[in-house]
Amino acid sequence: MTKEQEVMLTRIQKYAEEVMADIDPQKTRISYQLEQLKPIMETIAKEQGRPVEDIFIEYMDLASEFSVQQDQKFKEDFKDFDL
């Protein structure tokens, strides 16, 4: 993940924390969650001169990559525990 991608992911995540603070992501449709993120994705798309669809796709890829990294870090941190 490049520094620019990391900044974009962090920006979208912070926005999500604000606008979806009361939403349980496990119980809320993905389509609804993405609709809530649309304003920040449109802003980023305009800033970068790219289609919002490209920002959406990149965000989904980066979020998946971030999730895998977090899972690996968790496993590494707790490898000495018998879970």
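Visitor: Before we start, which side chains count as charged here?

Guide: Lys and Arg count as positive and Asp and Glu as negative, while His and the chain ends are left uncounted. Each charge is placed at NZ of Lys, CZ of Arg, CG of Asp or CD of Glu. In this chain that gives 11 positive and 19 negative side chains, and the centres of the two sets lie 2 Å apart.

Visitor: Okay, and what should I know about the model itself?

Guide: It's a predicted model, where local features need pLDDT of at least 70, side-chain atom pairs count only at pLDDT 80 or more, and totals for chains, interfaces and linings use all residues. Residues are numbered from 1 along each chain as its sequence is written, and side-chain values use heavy atoms, with hydrogens and water left out.

Visitor: How many helices and strands are there in the chain?

Guide: Helices (H or I, at least four residues) and strands (E, at least two) are DSSP runs, numbered from the N terminus. Here you get 3 helices and 0 strands, so the pattern along the sequence reads α-α-α.

Visitor: How do I read the radius of gyration?

Guide: Take it over C-alpha atoms and hold it against the globule rule, 2.2 Å times the number of residues to the power 0.38. A compact globule of 83 residues would come out near 12 Å, but this chain has 15 Å. Its C-alpha atoms fill a box of roughly 50 × 30 × 20 Å along the principal axes.

Visitor: What share of the residues is buried?

Guide: Buried means under 20% relative accessible area, exposed over 50%, and partly exposed in between (1.4 Å probe, protein chains only). Buried residues make up 19% of the 83 in the chain.

Visitor: Let's try one residue. Is Glu-58 buried or exposed?

Guide: Glu-58 sits in helix α3 (residues 52-77), and it counts as buried because its relative accessible area is 17%.

Visitor: Which residues does Glu-58 touch?

Guide: Contact means heavy atoms within 4.5 Å. Leaving out residues up to four places away in sequence, Glu-58 touches Gln-5, Met-8 and Arg-50.

Visitor: And which side chains make polar contacts with Glu-58?

Guide: A polar contact is a pair of N or O atoms within 3.5 Å; within protein, one must be able to donate a hydrogen and the other to accept it, and residues adjacent in sequence count only if both atoms are side-chain atoms. The Glu-58 side chain pairs this way with that of Gln-5 at 3.1 Å, and the Arg-50 side chain does so with Glu-58 at 2.7 Å.

Visitor: Where is Arg-50?

Guide: Arg-50 is in the loop between α2 (30-48) and α3. Its relative accessibility is 28%, so Arg-50 counts as partly exposed.
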